[in-house]
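Biologist: I'm new to this one, so please pick a single part and give me a close look at it. Start with whatever vocabulary I need, then walk me round.

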Amino acid sequence: MLRNGSSKGNKTRESYDADFKQELTRLLASGRSAKEISETFGIAENLLYRWKRMATMKTKHKTSRVGIAML
């Protein structure tokens, strides 16, 4: 898990690597609750849903491009 903090003023924003995001979205897809995952890893629940949505969009985009390439 890679977490890099960068600061702007007094606020700190965490950055997570792709492998960490992918692993947590797998946990979410396997049936673990977003609340449980967020409490365990110390992240906001809305991030999990955002990462899941983004992963789904990437998968759909790749699938549609493969379909177009096959035409």
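Modeller: First, a bit of vocabulary: a residue is buried under 20% relative accessible area, exposed over 50% and partly exposed in between, using a 1.4 Å probe and protein chains only. This is a predicted model, where local features need pLDDT of at least 70 and side-chain atom pairs count only at pLDDT 80 or more, while totals for chains, interfaces and linings use all residues. Residues are numbered from 1 along each chain as its sequence is written, and side-chain values use heavy atoms, without hydrogens or water.

Let's go to the largest pocket, with about 440 Å³ of space. A pocket here is an open set of points on a 1 Å grid over the protein atoms alone, with protein on both sides within 12 Å along at least five of seven lines; lining residues have an atom within 4 Å of a point. Its volume is the space filled by probe spheres set on the points.

There are 15 lining residues, and Lys21, Trp51, Met54, Ala55 and Lys58 are the closest to the centre. Strand E2 (11–16), helix H1 (18–29) and helix H3 (45–70) each supply at least two of the lining residues (helices, H or I, have at least four residues and strands, E, at least two, as DSSP runs numbered from the N terminus). H3 gives the most, with eight residues. By class, the lining has six nonpolar, three polar and six charged residues; Asp, Glu, Lys and Arg count as charged, Ala, Val, Leu, Ile, Met, Phe, Trp, Tyr, Cys and Pro as nonpolar, and the others as polar.

Now zoom in on Ala55, which sits in H3. Ala55 has a relative accessible area of 35%, so it counts as partly exposed. Thr25 is 30 residues away from Ala55 in sequence, yet their C-alpha atoms are 8.3 Å apart.

Follow that link to Thr25, which belongs to H1. Thr25 is buried because its relative accessibility is 12%. Beyond its neighbours within four places in sequence, Thr25 is in contact (heavy atoms within 4.5 Å) with Leu48, Trp51 and Lys52. Trp51 was also among the residues closest to the pocket's centre.

H1 has another partner too: its Phe20, Leu24, Leu27 and Leu28 meet Ala34, Ile37 and Phe41 of H2. That contact is made of seven nonpolar residues, with no polar and no charged ones.

Ser38 is in H2 as well, and its 8% relative accessibility is why it counts as buried. Leaving out residues up to four places away in sequence, Ser38 touches Ile43, Ala44, Glu45 and Leu48. Leu48 is also a contact of Thr25.

Terms used
1 Å grid on protein atoms, 1.4 Å probe; cavity = no way out; pocket = protein on both sides within 12 Å on 5 of 7 lines; lining within 4 Å.
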